[in-house]
Amino acid sequence: MKTRKTLQLAALAPALGALVFLGAPGCSDSDAPAETPAAETAQPQHDADGMSVSSRTGTLKKIFHAAPSPVEMAKLIHRSGATFDAAACNVPSAGARYNTSDRQAINLGVYGADLSYSTIFEENAASLEYLSVIKDLSAQLGISDVITDDVLKDAEANRGDRKALIRIVSETFYDLNERLKSNGTEDLAGLLVAAGWVEGMYLATQHLDEAPTELKARIAEQKMTLDDVMRLCRSYEATPQLTALLTRMEAIEAAYAGVSMTEADANVTQEGESTFVLGGGDEYTADDATVAAIAAAVAEVRTFCIQ
């Protein structure tokens, strides 16, 4: 199956739910990397690993716009006819045991993906529980001024308005990212991204028996997003906590080695006033054995994330 991506003119951050509270995994079908403003590239600065600050910002944006986001994954699962599996999510009560900043950041990402999943299936009671634990973890990380009661009320009030939710998610992500940077804790943003990606993948792989071919193709396509996630996280200071997560994620990288990629030209067509569709493009394929290996590796990392 060839990659099909949707680019919207608004600045979207679909994977943000994995980071904050509702994205994504994707209120949006958008997954194109946003252009890096000229100001970000004017005077590049480099970290110890040689990754420039502007490059890191661009990589973050690319990850946040990657397909599929946790919400998009959840939509594909829902479309397959699968039913909501509460047992696949991390239990909200576990949030109280995460008492270090790294575990809080990791599980903020995990719960964000769980919220996306429960929201798509219209499990409102579960969604409210995830919103509550996400708000608590954010406060413990010192970023309660980003995910405020007003933001949560706005999300709840616009639950049925997709465009409004996209706006809320996008704005919250950028505010969160800036807040973490200003706090000198950029590495926590990396943990959020990685854990949100892992949880979104974990939820998708729990439905492989009933999954459509499209879902399996999307899992294969995540090879490129995983590459970006790993590169980004490796650009941060090698703290023991970050190193531990990345070491475990190397097993997922190894499983993805079985995914094949065929290069192809992309083409862009317009659908409506503000939506463009990117058709064609590189094609990622994986046989059942490779998808099973990816699922097993993801499950092991996910267990580490929620412990």
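The legends below describe close-up views of a predicted model.

**Figure 1. Overview of the predicted chain and its secondary structure.** The chain contains twelve helices and five strands, and 53% of its 307 residues count as buried. Among the contacts in the chain with a separation of 6 or more, 76% are made by residues 24 or more positions apart. Seven salt bridges are present in the structure, and three of these pairs, Asp 149 with Lys 135, Arg 234 with Glu 250 and Arg 234 with Glu 253, are taken up in the views that follow.

**Figure 2. The salt bridge between Asp 149 and Lys 135.** Asp 149 pairs with Lys 135 in a salt bridge whose closest N and O atoms are 3.3 Å apart. The pair links distant parts of the chain, since Asp 149 belongs to helix α7 (residues 149–157) and Lys 135 to helix α6 (residues 124–140), with their positions 14 residues apart in the sequence numbering. Asp 149 is partly exposed, its relative accessible area being 44%, and Lys 135 also counts as partly exposed, at 28% relative accessibility. As a general point, side chains of opposite charge can pair when their charged atoms come close.

**Figure 3. Arg 234 and its two glutamate partners.** Arg 234 forms a salt bridge with Glu 250, in which the closest N and O atoms are 3.9 Å apart. Arg 234 lies in helix α10 (residues 213–234) and Glu 250 in helix α11 (residues 240–256), so this pair ties together parts that are 16 residues apart in sequence. The side chain of Arg 234 also meets that of Glu 253 in a salt bridge, at 2.9 Å from N to O. Because Arg 234 lies in helix α10 and Glu 253 in helix α11, this second pair ties together parts that are 19 residues apart in sequence. Through salt bridges that share partners, Arg 234, Glu 250 and Glu 253 are joined into one network. Each member of the network is partly exposed: Arg 234 has a relative accessibility of 37%, Glu 250 one of 40%, and Glu 253 a relative accessible area of 24%.

**Figure 4. Helix α11 and its buried residues.** The 17 residues of α11 should span 24 Å at 1.5 Å a residue, and its end C-alpha atoms are 25 Å apart, which agrees with that expectation. The buried residues in α11 are Leu 242, Leu 245, Leu 246, Met 249, Ile 252, Ala 255 and Tyr 256. These buried residues pack against α9 (186–205), α10 and α12. Glu 250 and Glu 253, by contrast, are partly exposed members of this helix, and both form salt bridges with Arg 234.

**Figure 5. The contact of α11 with α12.** The axes of α11 and helix α12 (residues 288–306) come within 8 Å and cross at roughly 170 degrees. Because this angle is over 145 degrees, α11 is roughly antiparallel to α12. On the α11 side, the residues that meet α12 are Ala 244, Leu 245, Arg 248, Met 249, Ala 251, Ile 252, Ala 255 and Tyr 256. On the α12 side, their counterparts are Thr 290, Ala 293, Ile 294, Ala 297, Val 298, Val 301, Phe 304 and Cys 305. The residues of this contact divide into 14 nonpolar, one polar and one charged. Among the α11 residues in the contact, Leu 245, Met 249, Ile 252, Ala 255 and Tyr 256 are also buried.

**Figure 6. Leu 108 within helix α5.** Leu 108 is placed in helix α5 (residues 101–120) and is buried, with a relative accessible area of 0%. The C-alpha atoms of Leu 108 and Val 133 are 8.4 Å apart in space, although the two residues are 25 residues apart in sequence. Helix α5 is mostly covered, with 18 of its 20 residues buried. From its first C-alpha to its last, α5 reaches 29 Å, close to the 28 Å expected at 1.5 Å a residue. Just after α5, Glu 122 takes a positive phi of about 55 degrees.

**Figure 7. Asp 287 in the loop that precedes α12.** Asp 287 lies in the loop between β5 (283–285) and α12. Asp 287 is partly exposed, with a relative accessible area of 47%. Asp 287 and Ala 217 are 70 residues apart in sequence, while their C-alpha atoms are 9.7 Å apart in space.

Note on methods:
Residues numbered from 1 in each chain as written. Predicted model: local features only at pLDDT ≥ 70, side-chain atom pairs only at ≥ 80, totals over all residues. Heavy atoms only, no water. Salt bridge = Lys/Arg side-chain N within 4 Å of Asp/Glu carboxyl O. Helix = DSSP H or I, 4+ residues; strand = E, 2+ residues; numbered from the N terminus. Buried < 20%, exposed > 50% of the residue type's maximum accessible area, 1.4 Å probe, protein only. Axes fitted to C-alpha atoms, helices over the stretch in contact; angles between N-to-C directions. Parallel < 35°, antiparallel > 145°, perpendicular 65-115°, else oblique. Contact = heavy atoms within 4.5 Å. Nonpolar A, V, L, I, M, F, W, Y, C, P; charged D, E, K, R; others polar. Expected span 1.5 Å × (residues − 1).
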